Amino acid sequence: MILMSRFSRAAAIVDGLEASQRRRLESACRRIQKAQQAVLLNGAVYLEYCGRVCRGLCCRNLRVDEIVSLYDFILVLASAPQMADLIAGCARAARGLHNADCVFLKDGRGPCLFPEDLKPERCIASFCFNTRLIRRELSCLRTSFTRLVLLVRWWSLLRLGRRCRVDSGGLSRLEG
């Protein structure tokens with residue numbers, strides 16, 4: 001329920017953008033994709049270990065609503081809109097607060113349905129061991145996601161500001 005609500009909100013945000021905002025969003029998303037590609041390339045040894053030893057343990061027995069954020073959905077909807085129905089179906093299927101496995105695993109087992117360079121931030125940037133060899137790449141990835149979050153929040157404040165007007169007493173009030 002939480003995931004579907006988050007997904008719907010992300011779709012409304014992306015659909016409600018003006019052309020200039022859409023271009024800025026797409027640029028921010030390309031930076032995230034580039035940063036994810038760097039993590040994938042330079043962190044291949046870590047990811048191979050995750051696949052060989054852990055076998056996707058981090059995708060099991062989790063609270064997916066604590067992992068996948070509104071901004072992860074915005075990233076996917078802006079970068080790969082063809083994924084919308086698939087991701088929405090998975091989000092809709094999430095029941096309760098806890099699922100045994102991530103709802104975004106193909107056939108409930110894997111691989112992940114998100115494209116390689118469009119993973120949710122926590123999925124691509126979280127490891128259960130020291131990642132000093134890709135510290136720079138992970139920092140760039142986190143910075144890129146933070147920029148996306150700030151951009152979307154800024155637009156939200158601008159929309160709110162447009163709905164507000166200053167009355168003759170100098171106080172702001174919301175227009176209906």
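Helices (H or I, at least four residues) and strands (E, at least two) are taken here as DSSP runs, numbered from the N terminus. The structure is a predicted model, so local features need pLDDT of at least 70 and side-chain atom pairs count only at pLDDT 80 or more, while totals for chains, interfaces and linings use all residues. Residues are numbered from 1 along each chain as its sequence is written, and side-chain values use heavy atoms, with hydrogens and water left out.

On that footing, the chain has eight helices and four strands. Read along the sequence, they follow the pattern α-α-α-β-α-α-α-β-α-α-β-β. Of the 176 residues, 38% count as buried, where buried means under 20% relative accessible area, exposed means over 50% and partly exposed is in between (1.4 Å probe, protein chains only). The chain exposes about 10,700 Å², and carbon and sulfur atoms supply 54% of that area; accessible areas come from the Shrake-Rupley method with a 1.4 Å probe, and for residues only the protein chains shown count as cover. Contacts (heavy atoms within 4.5 Å) often link distant parts of the sequence: among those between residues at least 6 apart, 76% join residues at least 24 apart.

Helix α5 (residues 70-79) is a good place to start. Nine of its 10 residues are buried, so α5 is largely enclosed by the rest of the structure. The buried ones are Leu70, Tyr71, Asp72, Phe73, Ile74, Leu75, Val76, Leu77 and Ala78. Around them sit α1 (2-15), α2, α4 (64-67), α6 (84-93), α7 (121-125) and α8, against which these buried residues pack.

Two of those neighbours can be described by their axes, which are lines fitted to C-alpha atoms, for helices over the stretch in contact, with angles running from 0 to 180 degrees between N-to-C directions. The axes of α2 (residues 19-42) and α5 come within 9 Å and cross at roughly 105°. That makes α2 roughly perpendicular to α5, on a scale where angles under 35 degrees count as roughly parallel, over 145 as roughly antiparallel, 65 to 115 as roughly perpendicular and the rest as oblique. On the α2 side, the residues involved are Arg22, Leu25, Glu26, Cys29, Ile32, Gln33 and Gln36, which meet Ile74, Leu75, Ala78 and Ser79 of α5. As for α8, its axis and that of α5 come within 10 Å and cross at roughly 95°. Helix α5 is therefore roughly perpendicular to α8. Here Tyr71, Asp72, Ile74 and Leu75 of α5 meet Phe145, Leu148, Val149, Val152 and Arg153 of α8.

Ile74 turns up in the contacts of α5 with α2 and with α8. With a relative accessibility of 0%, Ile74 counts as buried. Setting aside neighbours within four places in sequence, Ile74 is in contact with Ala10, Ile13, Val14, Leu25, Leu148 and Val152. Ile13 lies 61 residues away from Ile74 in sequence, yet their C-alpha atoms are 7.8 Å apart. A similar link involves Ala84, in helix α6: Ala84 and Ala11 are 73 residues apart in sequence and 8.6 Å apart in space, C-alpha to C-alpha. Beyond residues up to four places away, Ala84 touches Phe7 and Leu77.

Gln36, in α2, is buried too, with a relative accessible area of 0%. Outside its neighbours within four places in sequence, Gln36 has contacts with Leu75, Glu116, Asp117, Leu118, Lys119, Ile124, Leu141 and Phe145. Two of these partners, Glu116 and Lys119, have side chains that meet in a salt bridge (3.8 Å, N to O). A salt bridge means a side-chain nitrogen of Lys or Arg within 4 Å of a carboxyl oxygen of Asp or Glu, and a search of the whole structure finds one. Its ends differ in setting: Glu116 is exposed at 52% relative accessibility, whereas Lys119 is buried at 10%.

Helix α8 (residues 135-163) also offers some contrast. Ser144 belongs to α8 and is buried at 5% relative accessibility; apart from neighbours within four places in sequence, Ser144 is in contact with Arg31, Ile32 and Ala35. Leu158, also found in α8, is partly exposed at 31% relative accessibility. Together with Trp154, Leu157 and Leu160, Leu158 forms a nonpolar surface patch with about 390 Å² of accessible area. Patches are made of residues with over 30% relative accessible area and no salt bridge, joining like charges within 9 Å and nonpolar side chains (Val, Leu, Ile, Met, Phe, Trp, Tyr) within 5 Å.
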